[in-house]
Amino acid sequence: MSKHTVQLQGRAEPVSVGKIVCIGRNYAAHIKELGNERPESPMFFIKPATSLCPLSEPVVIPPYSKSARHELELAALIGKTLKNCDEAQVLDAIDGWALALDVTLADVQERCKSKGHPWEIAKAFDGSCPISEFVPAASVTDPQNLMLSMRVNGEQRHHDSTSLMLWSIPELIAAASGYFTLEPGDIVLTGTPAGVGPLEPGDILEMEIEQVGRVSSSVAR
Ligand code: ZN
């Protein structure tokens, strides 16, 4: 898989990715653990296609950060153009589901926020979006009711259901399409549940989303 494509099981050709739209603060418990307020509308940001890398390969933390954090998220592969769409159109426009890590440089992000600067260098750098192969949408019975779990060195971190999202998948993707036209090959990350934690060089990562897949990886030294 090159940096700018993803694999969809059952499709012979890799899928070229345009952009990755991400939602911040989409699970109540995660908001609480970071001490944030529940937002009134969904908060979005974008990672470029250059942030992609295979989830099975070691996560590389850039040298300018001393505190990286993992956020394991359910990722949707967009198959049809969505612009200002209705919630009812969303699930039909999703071609597949995957596991994605929203790798966040917590120290860099805090530094940027405190200065009122944009924080792309904390969340959108090369390799900040490790992603698994996508399974076809039809193979997942209910994307809004999947257990998502992650262990780091055998210790439980994330362990929650996608049913706990503040904005459901149709709600958040419809809202995102009001700002950003979603095109075939774009990816939407649906937010992280509770249990975010640090990533240290040498860590062993085990990640699973029910019906979507299970992937083991590590953090590079
Ligand atoms: Zn995230």
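R214 counts as exposed, at 69% relative accessibility. Here exposed means over 50% relative accessible area, buried means under 20%, and partly exposed lies in between, for a 1.4 Å probe and protein chains only. R214 forms a salt bridge with E208, with the closest N and O atoms 3.7 Å apart. E208 counts as partly exposed, at 30% relative accessibility. A salt bridge is a side-chain nitrogen of Lys or Arg within 4 Å of a carboxyl oxygen of Asp or Glu. Salt bridges that share partners join K47, R69, E71, D102 and K123 into one network. By this rule the count comes to 10 salt bridges.

The model is predicted: local features need pLDDT of at least 70, side-chain atom pairs count only at pLDDT 80 or more, and totals for chains, interfaces and linings use all residues. Residues are numbered from 1 along each chain as its sequence is written, and side-chain values use heavy atoms, with hydrogens and water left out.

Two further salt bridges were examined. R157 pairs with E155, the closest N and O atoms being 3.0 Å apart. R157 counts as buried at 18% relative accessibility, whereas E155 counts as partly exposed at 45%. D186 forms a salt bridge with K19, and here the closest N and O atoms are 2.5 Å apart. This pair links distant parts of the chain: D186 is in the loop between α5 (169-176) and β14, K19 is in strand β3, and they are 167 residues apart. Helices (H or I, at least four residues) and strands (E, at least two) are DSSP runs, numbered from the N terminus. Both D186 and K19 are buried.

Strand β3 spans residues 19-24, and 6 of its 6 residues are buried, so the strand is largely enclosed by the rest of the structure. In a regular strand the side chains alternate between the two faces of the sheet. Both faces of β3 are covered. K19, V21 and I23 are buried on one side, and I20, C22 and G24 are buried on the other. Strands count as paired if DSSP finds at least two bridges between them. β3 runs antiparallel to strand β4 (residues 43-48), joined by 6 bridges. Within this pairing, I20 stands opposite K47. With strand β14 (residues 187-189), β3 pairs in the parallel sense over 3 bridges. There the bridge partner of I20 is I187.

Helix α5 is also largely enclosed by the rest of the structure, because 6 of its 8 residues are buried. The buried residues are I169, P170, L172, I173, A174 and A176. An α-helix has 3.6 residues a turn, so residues three or four places apart point the same way. What covers the buried residues of α5 includes β3, β4, β7, α2 (87-90), β8 and β14. Contact means heavy atoms within 4.5 Å.

The zinc ion is coordinated by E71 (OE), E73 (OE) and D102 (OD), at 2.0 to 2.1 Å. Donors are N, O and S atoms within 2.8 Å of the metal (3.2 Å for Na, K and Ca); water is not among the atoms, so sites may look incomplete. In sequence the donor residues are spaced E-x1-E-x28-D. E73 lies in strand β7 (residues 72-78) and D102 in the loop between β8 (94-101) and β9 (104-105), so the pair ties together parts that are 29 residues apart in sequence. E73 counts as buried at 0% relative accessibility. D102 counts as buried at 1%.

S128 is in contact with D102. Its other contacts, leaving aside neighbours within four places in sequence, are K47, S51, L101, V103 and K123. S128 sits in the loop between α4 (120-123) and β10 (129-131). At 0% relative accessibility, S128 counts as buried. A polar contact is a pair of N or O atoms within 3.5 Å; within protein, one must be able to donate a hydrogen and the other to accept it, and residues adjacent in sequence count only if both atoms are side-chain atoms. A polar atom of the S128 side chain lies 3.0 Å from the backbone oxygen of K123. The backbone oxygen of F125 lies 2.7 Å from a polar atom of that side chain.

H158 is found in strand β13 (residues 155-161). H158 is buried, with a relative accessible area of 0%. Its side chain makes a polar contact with the side chain of H70 (3.2 Å). The H158 side chain also reaches the backbone nitrogen of L72, at 3.2 Å. Residues up to four places away in sequence aside, H158 touches residues including E71, L148, M150, T192 and V196.
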